[in-house]
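The following exercises concern a single protein model. Each consists of a task and a solution that proceeds step by step.

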Amino acid sequence: MYCYTMAYSLQCVLRELIMWTDISSEHPIFVKTVAKLSRKDLPKDISEELKKLSKSFEALNLKAKEQLVDAQSMAAQPMMYVNMNRAKVLLNEFGRLNRIWIGLIKEIMKYGKEDKVWQTLLSHIEEEQTYMDRLFHTLYMQI
């Protein structure tokens with residue numbers, strides 16, 4: 001992490017989660033599209049896993065949006081224990097999906113090793129996902 005992140009409210013944590021789950025749901029589709037356009041022959045099981053991960057991050061995004069609505073209705077109250085625990089569950093789920101995604105990126109990097117642009121793209125996405133992992137771990141510890 002480049003700087004310390006403060007969880008000053010449950011709403012800010014959920015907004016971060018919404019933004020990063022949106023990005024995380026787009027990354028697998030982007031990788032799959034670039035692979036196809038650059039003639040990387042990814043195995044069917046990897047293509048299916050990319051699709052599955054995208055849908056899983058989308059579902060997590062919807063759960064975070066629902067919880068944000070709940071949190072906003074209680075904006076005048078401090079972080080409530082029940083809502084904090086629900087947020088922790090979402091953050092844990094992000095971490096679980098993210099670890100799967102980072103592992104899959106490492107597997108995908110085995111394809112197109114000679115293509116420096118492809119490798120740079122995958123490395124960039126891996127760095128972003130690693131950043132997200134540190135961010136949410138830090139926020140989790142503060143809740």
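The protein chain has four helices and zero strands, where helices (H or I, at least four residues) and strands (E, at least two) are DSSP runs numbered from the N terminus. The model is predicted: local features need pLDDT of at least 70, side-chain atom pairs count only at pLDDT 80 or more, and totals for chains, interfaces and linings use all residues. Residues are numbered from 1 along each chain as its sequence is written, and side-chain values use heavy atoms, with hydrogens and water left out.

**Exercise 1. Describe the overall arrangement of the protein chain.**

Step 1. Along the sequence the pattern reads α-α-α-α.
Step 2. The C-alpha trace spans about 55 × 30 × 20 Å along its principal axes.
Step 3. Of the 143 residues, 42% are buried; buried means under 20% relative accessible area, exposed over 50%, and partly exposed in between (1.4 Å probe, protein chains only).

**Exercise 2. Compare the span of helix 1 and of helix 2 with expectation.**

Step 1. The expected span is 1.5 Å times one less than the number of residues in the helix.
Step 2. Helix 1 has 28 residues and should therefore span 40 Å; its end C-alpha atoms lie 41 Å apart, in agreement.
Step 3. Helix 2 has 30 residues and an expected span of 44 Å, and its end C-alpha atoms are 44 Å apart, which agrees.
Step 4. Just after helix 1, Arg-39 adopts a positive phi of about 60°.
Step 5. Among the buried residues of helix 2 are Ile-46, Leu-50, Phe-57 and Gln-67.

**Exercise 3. Analyse the salt bridges of the structure.**

Step 1. The criterion is a side-chain nitrogen of Lys or Arg within 4 Å of a carboxyl oxygen of Asp or Glu. Side chains of opposite charge can pair when their charged atoms come close.
Step 2. Searching the whole structure yields five salt bridges.
Step 3. One of them joins Asp-115 and Lys-40 at 2.7 Å, N to O. Asp-115 belongs to the loop between helix 3 (81-108) and helix 4 (116-142), and Lys-40 to the loop between helix 1 and helix 2, so this pair ties together parts 75 residues apart in sequence.
Step 4. Asp-115 is partly exposed because its relative accessibility is 22%, whereas Lys-40, at 12%, counts as buried.
Step 5. Arg-96 and Glu-93 form a salt bridge at 2.8 Å, N to O. These two residues are three apart in helix 3, and therefore about one helical turn separates them.
Step 6. Both partners count as partly exposed: Arg-96 at 39% relative accessibility and Glu-93 at 27%.
Step 7. Lys-110 pairs with Glu-107 in a salt bridge, with the closest N and O atoms 3.1 Å apart; Glu-107 is partly exposed at 31%.

**Exercise 4. Which residues form the positive surface patch, and which helices supply them?**

Step 1. Patches consist of residues with over 30% relative accessible area and no salt bridge, like charges being joined within 9 Å and nonpolar side chains (Val, Leu, Ile, Met, Phe, Trp, Tyr) within 5 Å. Lys and Arg count as positive and Asp and Glu as negative, while His and the chain ends are not counted. The place of a charge is NZ of Lys, CZ of Arg, CG of Asp or CD of Glu. Accessible areas come from the Shrake-Rupley method with a 1.4 Å probe; for residues, only the protein chains shown count as cover.
Step 2. The members are Lys-32, Lys-36, Lys-44, Lys-51 and Lys-55.
Step 3. Helix 1 (10-37) and helix 2 (44-73) each contribute at least two residues, and helix 2 provides the largest share, three residues.
Step 4. Lys-44 lies in helix 2 and is exposed, with 65% relative accessibility.
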